[in-house]
Amino acid sequence: MQLIDIGVNLTHPSFDGQRQALVERAFAAGVEQMVLTGTDAEDSELALELCRSLDSDGARLFSTAGVHPHEARHWNDAVAGRLDALLREPEVRAVGECGLDFNRDFSPRPLQEKALEAQLAMAVRLRKPVFLHERDADERLLAILREFRDGLPAAVVHCFTGEKRALYRYMDIDLHIGITGWICDERRGTHLHALVGEIPAGRLMLETDAPYLLPRSLRPKPKSGHNEPAFLVEVLREVARHRGETEQELARHTRDCARSFFGLPVPAAL
Ligand SMILES: [Zn+2]
């Protein structure tokens, strides 16, 4: 299996002291490339450092640079300058994680919108794809995206957890969709079973969002309780089942999709 995990929060402190081993486990499980998520300026700089220190051949780890809606209240010109510099580095492949989160509202909504618009403008200017986060905010996200869509090379709504109407509206403006282990959650993810089959090959990508969202169907459960990129195979299994595809087919087209979205090289065999 050759998979790409498009959302790994490898900077998360829960991974301290075990990042190398975790990356090796992911490779052994068939995850051949990963995109490390940046959630603020400092975190995005850290993600780039991890790409450089943990990836000996420079073809397996890549990152994003952005400010998560939770951190949007810290947006300012200095932060924008740091992201702009990061986005000129070859390992940094997308703007994000950015977006709107009206579920937790950790930053005031007007500030979330301001930070998002600034990052979308940056993506247009630097011709980079965008890694989007949205919770309970699809109406506003769509309204803002429509203003920028023409100039954006591509954008993925990562960890899509919404309803059919939102999915269709995202696909109407030709966005990509990221699916996580949320679909493995029998309490809140079952509505995704019918929806994943609606996403065309070439627009669908897989992600763990590790260390968050440990797939609840995973057996045996890891002692740490943390998700990690090696568990992407569980997401693959569940999504393949609900799309009526083989795991091999789904692995192939989601990998090709992620590779073209982020412009990743084909790595040498391990
Ligand atoms: Zn997110």
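**Zinc site**

I started with the zinc ion in this predicted model. I looked up its protein donors and found E97 through OE, H133 through ND1 and H158 through NE2. These donors lie 1.8 to 2.1 Å from the zinc ion. Along the chain I read their spacing as E-x35-H-x24-H.

I then placed two of the donors in the fold. E97 sits in strand β4, residues 92-101, and H133 sits in strand β5, residues 130-135, so the pair ties together parts that are 36 residues apart in sequence.

Are these two donors buried or exposed? I took under 20% relative accessible area as the cut-off for buried. E97 has 3% relative accessibility and therefore counts as buried. H133 has 8%, so I entered H133 as buried too.

**Cis peptide bonds**

I checked the backbone at E97 next. The peptide bond joining G96 and E97 is cis, with omega at about 10 degrees. E97 is thus a residue of strand β4, a donor of the zinc ion and a partner in a cis peptide bond. I noted the bond because most peptide bonds are trans.

I also logged a cis bond from R219 to P220, where omega is near -10 degrees. P220 belongs to the loop between β8 (204-206) and α8.

**Positive phi values**

Which residues other than glycine did I list with a positive phi? I listed D105, with phi near 55 degrees, and R127, with phi near 55 degrees. I wrote them down because most residues other than glycine have a negative phi.

D105 is in the loop between β4 and α4 (109-126). R127 is in the loop between α4 and β5. I looked up accessibility for each. D105 has a relative accessible area of 32% and is partly exposed. R127 is at 68% relative accessibility, so R127 counts as exposed.

**Helices α2 and α3**

I turned to helix packing. Helix α2 covers residues 41-54 and helix α3 covers residues 77-86. Their axes are 9 Å apart and the packing angle is about 20 degrees. Angles under 35 degrees count as roughly parallel, and α2 and α3 are therefore roughly parallel to each other. I recorded their crossing as left-handed.

On the α2 side I listed A41, E42, S44, E45 and L48, which meet V79, R82, L83 and L86 of α3. By class, the residues of this contact are 5 nonpolar, 1 polar and 3 charged.

I followed E45 further. E45 has its place in helix α2. Leaving aside residues up to four places away in sequence, E45 touches R82 and L86. The C-alpha atoms of E45 and L83 are separated by 8.5 Å, and these residues are 38 residues apart along the chain. At 26% relative accessibility, E45 counts as partly exposed.

**Helices α5 and α6**

How are α5 and α6 oriented to each other? Helix α5 (residues 138-148) packs with helix α6 (residues 164-172) at an angle of about 5 degrees. I have their axes as 11 Å apart. The two helices are therefore roughly parallel.

From α5, I found D138, E139, L141, L142 and R146 meeting R165, A166, R169 and Y170 in α6. I sorted this contact into 4 nonpolar and 5 charged residues, with no polar ones.

**Helices α8 and α9**

The last pair I looked up was α8 and α9. Helix α8 spans residues 232-243 and helix α9 spans residues 247-262. Their axes come within 9 Å and cross at roughly 105 degrees. That angle makes α8 roughly perpendicular to α9, because 65 to 115 degrees is the range for that term.

Which residues make the contact? From α8 I listed L236, R237, V239, A240 and R243, and from α9 I listed E247, L250, A251 and H253. By class, I have 5 nonpolar, 1 polar and 3 charged residues in the contact of α8 with α9.

Notes. Residues numbered from 1 in each chain as written. Predicted model: local features only at pLDDT ≥ 70, side-chain atom pairs only at ≥ 80, totals over all residues. Heavy atoms only, no water. Donors = N, O, S within 2.8 Å, 3.2 Å for Na, K, Ca; no water. Helix = DSSP H or I, 4+ residues; strand = E, 2+ residues; numbered from the N terminus. Buried < 20%, exposed > 50% of the residue type's maximum accessible area, 1.4 Å probe, protein only. Axes fitted to C-alpha atoms, helices over the stretch in contact; angles between N-to-C directions. Parallel < 35°, antiparallel > 145°, perpendicular 65-115°, else oblique. Left-handed = near helix turned anticlockwise from the far one by under 90°. Contact = heavy atoms within 4.5 Å. Nonpolar A, V, L, I, M, F, W, Y, C, P; charged D, E, K, R; others polar.
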